[in-house]
Amino acid sequence: MKKILALMFVGVFFFAVGCKKQAVNQSETGSGTAGQGGVETVDFADEPSLRGDYDKDVNLKTIYFEFDKSELSQDAMATLKSNASYVINNPGVNILVEGHCDERGTTEYNLALGQRRAVKVKEYYTRLGVAANRVATISYGEEKPVDSKSNEAAYAKNRRAETKVMVR
């Protein structure tokens, strides 16, 4: 019985240690610390908690992505600059960046792509002067479409990253 408890403790310990970092494809992010096999690790330990409410009155703009991409367009960067200005000028505000995808691709693939998109936005916000510990990220993959149709116009609306203001 003691051996089983010891093995369970060791398993929980390694699970908890392993959950601190998430692997992200280095070719997509372009920054961070490269790990084994060209895979980069991104530390999410500094992100604010996702618990709490979101301020529906603040209108930070949504950005959109090309199919199967997480790179930021010039239009997206201009939008994010405007969003970052609001965040920088309101030091009591934390933000949540939600990564979204269209319905094409597997659930797992879309969750990973949504996370790459959210991380790209967070990285850009930090380059613009927003403290990394004020920006949380989450991926919803294809789970929260704004347009449920299955056509290119709907897909384009669903390939997005939304920035939401978190109320402390």
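## Salt bridges, helix H3 and ring contacts in a predicted model

Lys157 is partly exposed, with a relative accessible area of 42%. The model is a predicted one, and all values here are computed from it. Lys157 belongs to helix H5, and its salt-bridge partner Asp147 sits in the loop between strand S7 (135–141) and H5. The two residues are 10 apart in sequence, and their pairing links distant parts of the chain. In contrast to the partly exposed Lys157, Asp147 counts as buried, at 11% relative accessibility.

**Overall architecture**

The protein chain contains 5 helices and 8 strands. Read from the N terminus, the order of elements is α-β-α-β-β-β-β-α-β-α-β-α-β. Of the 168 residues in the chain, 38% are buried. Contacts between residues at least 6 apart in sequence are made up as follows: 72% of them join residues at least 24 apart.

**Salt bridges**

There are 9 salt bridges in the structure. Three of the pairs are listed below with the N to O distance.

| Pair | N to O distance |
|---|---|
| Arg104 and Asp102 | 2.8 Å |
| Asp147 and Lys157 | 3.2 Å |
| Glu152 and Arg104 | 3.7 Å |

Arg104 appears in two of these rows, with Asp102 as one partner and Glu152 as the other. How exposed is Arg104? Its relative accessibility is 28%, and Arg104 therefore counts as partly exposed. Asp102 is buried, with a relative accessible area of 4%, whereas Glu152 is partly exposed at 45%.

Which parts of the chain does the pair of Glu152 and Arg104 tie together? Glu152 lies in helix H5 (residues 152–158), while Arg104 lies in the loop between strand S6 (94–100) and helix H4 (107–127). These parts are 48 residues apart in sequence, so the salt bridge ties together the helix and that loop.

Salt bridges also link Glu98, Arg160, Glu162 and Lys164 in a network.

**Helix H3**

Helix H3 covers residues 74–88, which is 15 residues. From its first C-alpha to its last it reaches 21 Å, close to the 21 Å expected at 1.5 Å a residue.

The buried residues of H3 are Ala76, Met77, Thr79, Leu80, Asn83, Ala84 and Val87. Why do they lie on the same side of H3? They cover an arc of only 160° around the axis, and this puts them on one side of the helix. The general geometry of an α-helix bears on this pattern. With 3.6 residues a turn, residues three or four places apart point the same way.

On the other side of H3, Gln74 and Asp75 are exposed. The cover over the buried residues of H3 includes strand S5 (63–64), S6, H4 and strand S8 (160–167). S6 and H4, both part of this cover, are also the elements that flank the loop of Arg104.

**Rings and charges**

How many aromatic pairs does the structure hold? The count is 0. Charged side chains do sit over tyrosine rings. The charged end of Arg116 is placed over the ring of Tyr109, at 5.7 Å from the ring centre. Lys144 lies over the face of Tyr140, and the distance to the ring centre is 4.1 Å.

Methods: Residues numbered from 1 in each chain as written. Predicted model: local features only at pLDDT ≥ 70, side-chain atom pairs only at ≥ 80, totals over all residues. Heavy atoms only, no water. Salt bridge = Lys/Arg side-chain N within 4 Å of Asp/Glu carboxyl O. Buried < 20%, exposed > 50% of the residue type's maximum accessible area, 1.4 Å probe, protein only. Helix = DSSP H or I, 4+ residues; strand = E, 2+ residues; numbered from the N terminus. Expected span 1.5 Å × (residues − 1). Arc of directions from axis to C-beta. Contact = heavy atoms within 4.5 Å. Phe/Tyr/Trp six-rings, centres within 6.5 Å; stacked < 30°, edge-to-face > 60°. Lys NZ or Arg CZ within 6 Å of the ring centre and 35° of its normal.
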